Amino acid sequence: MIVKHRKPWELPYSEITPESIYRSRRDFIKAAAGAVGALAGAACVGQETPGVLQAQTNLPALGAARNAKYVAADAVNSYKDITTYNNYYEFGTEKSDPARYAGSLKTTPWTVQVDGMVGKPGKYSVEDLVDFKALEERIYRHRCVEAWSMVMPFIGVPMSSVINKVQPQPSAKFVEFTTLNRPSEMPGLSVPVLDWPYVEALRMDEAMNELTFMVVGLYGHVLLNQCGAPLRVHIPWKYGFKSGKSIVRLRFTDKQPRTTWNLSAPDEYGFYANVNPNVPHPRWAQNREVRLPGLFKNRDTQMFNGYGDQVASMYSSLDLKKNY
Ligand SMILES: Nc1nc2c(c(=O)[nH]1)N[C@H]1C(S)=C(S)[C@@H](COP(=O)(O)O)O[C@H]1N2
Ligand SMILES: [Mo]
């Protein structure tokens, strides 16, 4: 049974600003202080063109060269913003819940099941699927359907390199990825806000697109659990909900998979979920967004989140208002 709880962005303030009204005064002041800190951080980022961004963390460092082809011009968000303001409903629906509760998740050992229409099905470790000698750093924009955005220095490999290892059959048209479903370590799973486990999927050409990234690190280090350790997807031209975290299964199929948010509210969350400012969410506009840290919508949302050159051609025969 799916009990629909009110999601944070279903409150009426979301149209005006997701943050300023709802936050307690204390949080408000903290956010304002954060904004000042991020400005200082942005100045450092501007100077630090080569090399990998470093974070304040005890997690192991990951060697990865920055791929200059995928560096968003915008200032990078602070490590703190990226790791304390999260959506990861398996740990709770508040933005602060993942940082609070994800620490207890055990990410080793980790097994990814590969099945369906694939030449090399089986159980794989992260290291089997991701070539850690080929890691790259990419600075990607990240746009949530809730109309906030951030810029994140991810470390990973193209999803195409992972898919090529397992050799999908030519008949496979979609790849589905499933998140871990472990109630003992994920308190949010006991609340039926979604039909668990969290499932997302891409058309095969989308999965093979050069931008689609299989992420193992952030800011020069191994991913924190709240960010989707040990293995998460990032698809920068789609709304954030397409980018599943803590992936335990890759399934190849010829039928369009039933994805979690689409099942939960099909009129609000399409299978494609391309960032499209011309298709408003039924309950709020999508043509503006707040780049965090910020208190108000402070920029226009770009078609395909600004990645149209690399992805628009995949949708030339689709009506993107119908296929939202
Ligand atoms: N398993 C799982 N993956 C998920 C989510 C989730 O709740 N569970 N939330 C999605 C949404 S809505 C967004 S915006 C991004 C947030 O990623 P971030 O916390 O790294 O910014 O993760 C996506 N992946
Ligand atoms: Mo999102």
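1. Strand E5 and strand E8 (residues 213-218) run antiparallel, joined by five bridges. This is a predicted model. Within this pairing, Ile-155 of the structure stands opposite Gly-217 in E8.

2. E5 covers residues 148-158. The strand is mostly covered: 11 of its 11 residues are buried. Keep that in mind when inspecting the pairings of E5 below.

3. Strand E4 (residues 136-143) is another partner of E5. The two pair in the antiparallel sense, over eight bridges. One pair to look at is Arg-143, whose bridge partner in E5 is Ser-149.

4. E4 and E5 also form a hairpin. Four residues lie between the two strands. Check Ala-147 in the turn: its phi is positive, at about 75 degrees.

5. E5 has a parallel pairing as well, with E12. Two bridges join these strands. Here Ser-149 appears again, with Arg-291 as its bridge partner in E12. Ser-149 is thus worth viewing from both sides: Arg-143 is its partner in one pairing, and Arg-291 in the other.

6. E12 spans residues 288-291. The loop between helix H7 (260-264) and E12 holds Asn-274. Is Asn-274 buried or exposed? Asn-274 is buried, because its relative accessible area is 5%, and the cut-off for buried is under 20%.

7. Which residues does Asn-274 touch, leaving aside those up to four places away in sequence? The contacts are Trp-237, Lys-238, Tyr-239, Phe-304, Tyr-315 and Leu-320. Trp-237, Lys-238 and Tyr-239 come before Asn-274 in the numbering, while Phe-304, Tyr-315 and Leu-320 come after.

8. Next, the ligand site. Ligand 1 is surrounded by 17 residues. The closest are Tyr-89, Glu-90, His-142, Ser-243 and Lys-245. Of these, His-142 falls within E4, which runs over residues 136-143.

9. Three polar pairs deserve a look. Tyr-89 uses its backbone: an N or O atom there lies 2.7 Å from an oxygen atom of ligand 1. Glu-90 uses its side chain, where an N or O atom is 2.8 Å from a nitrogen atom of the ligand. Lys-245 places a polar side-chain atom 2.7 Å from an oxygen atom of ligand 1.

10. How much of ligand 1 does the protein bury? Taken alone, ligand 1 exposes 530 Å², and the protein buries 99% of that.

Key: Residues numbered from 1 in each chain as written. Chains lettered and ligands numbered in written order. Predicted model: local features only at pLDDT ≥ 70, side-chain atom pairs only at ≥ 80, totals over all residues. Heavy atoms only, no water. Buried < 20%, exposed > 50% of the residue type's maximum accessible area, 1.4 Å probe, protein only. Contact = heavy atoms within 4.5 Å. Pairing = 2+ DSSP bridges. Near = heavy atom within 4 Å. Polar contact = N/O pair within 3.5 Å; in protein donor to acceptor, adjacent residues only side chain to side chain. Areas by Shrake-Rupley, 256 points an atom, 1.4 Å probe, with all protein chains shown as cover.
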